[in-house]
Amino acid sequence: MRITRVLSTTLLALGLAATPAAADSTPSASPSEDGSAPTTAGTSFRTATEVDQGRTATASGSAGDYLYWSFPADAGQRPTVTAKVKLPEEHTGQTWQVDVYDGLRRRQSCQYGAQTRTAAPGTASLELACVLRTVRAWSEPWADDPLPGTYYVRLTVVGLKTADLGLPVGAELRVDSKDIGGSAAVDGSLAEPLVPGVAVKSSADDEDDPSASAVLSSIEPDDGWSSGWWSTAGCGPGSAACWPRSPGSAGTP
Amino acid sequence: MIRTQRLAAGLCALLAALTAGLAFPAGAVADETTANAPKVNLVLDVSGSMRAKDIDGGSRMAAAKQAFNEVLDATPEEVRLGIRTLGANYPGDDQKTGCKDTAQLYPVGPLDRTEAKAAVATLTPTGWTPIGPALLKAAEDLDGGTGSKRIVLISDGEDTCAPLDPCEVAREIAAKGIGLTIDTLGLVPNVKMRQQLSCIAEATGGTYTSVEHTDELTDKVNQLVDRAADPVVTPVATRGADSCAKAPTLKSGLYTDREEFGQERWYRVDLDPGKELRASVSVSADRAMNPDYGLLVRAVTVHGREIVRGEAAGNGRTDVISTGLRYPKAESDDDEAPAETVCVQVTNSYSAAAGVKTTPGMPLELTVDVVDGPSQASDVASFGLGRGWWLLGALVLAGFLAGVLWGWLSRWRVAVWRTN
């Protein structure tokens, strides 16, 4: 009796998990798994298109749309977001802006880069950039330091005349990052990267529930998240962290 | 590559479906998949003005028909597609009758391409433009199921059925919390129409596009239908209270709610020692807002002490304002330590000009994640030996020992050389 039940449940689960609709609705681990870059953009945090670092995502939209992408960033990286907007042939001048949010949807500041730019009437394209702060492995909850996890990019027009509303525009987005290395390393690490829905995802994995196939963010760096147990902030030959700072700090760990 | 994956997935699916089909009546399985199938309702304006010949030399209607044919061919298998018309049947002058003129051309369901195309071919531009009533009916068509729902409205003129403002209708539909998005496309639009259609889109988190050419129309509708097929997490509707005591207790997940201007929303989360609470909140600007706004999320103990807060402020055009917070609760020595109730308070400082409706409130999206706590400052200095005076001591000791060892070795070598 019990065996029958288990067997039938397994079969049912198999059938459910693999019917065409469900199969299609299972997001592949990451859109760029097959090496191609996405050609669409999402319209909200929830539907943001996932794009890996080092790939150029493209999207077509209309002036007035809010275009969302998300990318993974790990500790020690300093991501640079560059966006290129192809403007319609005729327009009356538009101001575009790129904003970056972290996995908690907190706005992240740009160290430098032209985050907002205005295109004069007739300009064919404009480029925006945002260099984020270095992603730290750990920070206090009261700080809004960038932490490893999902990052959201929102590209939108902020200054627009009604005549330009809805005109077709093209967008390109690319995220590259510079490895900062040990100088940015901190002690401590998060148990889970700042990926929205990570708690739901891990519990769904346990239960193997086919209905929980859609996740908020399934993003992960190519070589996985750094676990944090090995820190380059240790005692390298040139690292000042090893040496006594001053007699006053003696004994403090 | 994606195609290959889909093909492979399809094959697997076929196999599995066969296996499952042997053991179970097919109906049960089909029900399960249709329940969360994405639904799209295409709402097409067939009013008299669609006769105008200004899209690539052809009439607007011809462009729409051609676009529909191509879209119907490209619609993904899993999408349940329906078509609704407005202004297709009543050619008269009576506004009252003309404004009720909306009909379901093809019901929302599994798509029979030939039938749907045949239905579209019969359309001739006729009557009024009752956008508001058509949207209401279109939303009814999509009722039921847990999948994503999308209305694509294609129109060439603003609503001619005042006083029912289609923008208000859209907001009411959004407020039902059925997760419905309305995308609008304006054919050869004028200023007033642009404003109206983009207002409808913004009220539901959709997009507005101006269309001047047939291929633009085809591409955009295809893109929107494909977007509907993309899987998204469906949020759970909840209702925050005005104080922590009455607040609903949330577990990890995605929630939606509504928050009015100046309203407080409270939620509770139970947090075990050694766990970390992550909450992020977004409040959408779904109506015309004043250009300066803010959002505050606070984690507060049941006794009212603030633990941590997330703040956001901004100005200018925006769709949403969002912020979040993290609260790692310290490990407890006591294994039986009870979970702490954390109250999460959400307030916004949006404002709108007089005359803008304040109810229903703005859509609020809340993500709650309870994960293991962070590990703080792992001691790379190995119990303090790696730095400070301890390190100097260790180096002196090591140097002394090395010296002794080397000296001893040298003596031994000299002794060996002497004996030989």
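Begin by selecting domain 1 and domain 2 of chain B, whose centres, taken over C-alpha atoms, lie 35 Å apart. Domain 1 runs over residues 36–229 and domain 2 over residues 236–372, with bounds that come from an automatic or database domain assignment. This is a predicted model, in which local features need pLDDT of at least 70 and side-chain atom pairs count only at pLDDT 80 or more, while totals for chains, interfaces and linings use all residues. Residues are numbered from 1 along each chain as its sequence is written, chains are lettered from A and ligands numbered from 1 in the order in which they are written, and side-chain values use heavy atoms, with hydrogens and water left out.

**Where the two domains meet**

Next, select the residues of chain B on either side of the boundary: six residues of domain 1 are in contact with six residues of domain 2, contact being heavy atoms within 4.5 Å. Together the two domains of chain B bury about 620 Å², with 48% of that on carbon and sulfur atoms; buried area here is the accessible area (1.4 Å probe) that two parts lose on being put together, summed over both. Now pick out B:Arg171, B:Ala175 and B:Glu202, which supply 64% of the area that domain 1 buries against domain 2, more than any other three residues.

Keep B:Glu202 selected and add B:Arg317, since these residues form a salt bridge whose closest N and O atoms are 4.0 Å apart. The rule, a side-chain nitrogen of Lys or Arg within 4 Å of a carboxyl oxygen of Asp or Glu, finds two salt bridges across this interface of chain B. On the domain 1 side, helix 7 (166–175) and helix 8 (191–204) of chain B are the elements that give two or more residues to the surface touching domain 2, and helix 7 gives the most, with four residues. Helices (H or I, at least four residues) and strands (E, at least two) are DSSP runs, numbered from the N terminus.

**A loop in chain B**

Move along chain B to B:Pro360, in the loop between strand 15 (340–348) and strand 16 (362–372). A cis peptide bond joins B:Thr359 to B:Pro360, with omega about -10°.

**Over to chain A**

Select A:Cys110 and A:Cys130, which form a disulfide with sulfur atoms 1.9 Å apart; a disulfide is a pair of cysteine sulfur atoms within 2.5 Å, and the structure holds three over all chains. The link between A:Cys110 and A:Cys130 is left-handed, with -100° about the S-S bond. It joins distant parts of the chain, from A:Cys110 in strand 7 (residues 110–112) to A:Cys130 in strand 9 (residues 125–132), 20 residues apart.

Finish at A:Arg105, in the loop between strand 5 (94–101) and strand 6 (107–108) of chain A. Phi of A:Arg105 is near 60°, a positive value in a residue other than glycine.
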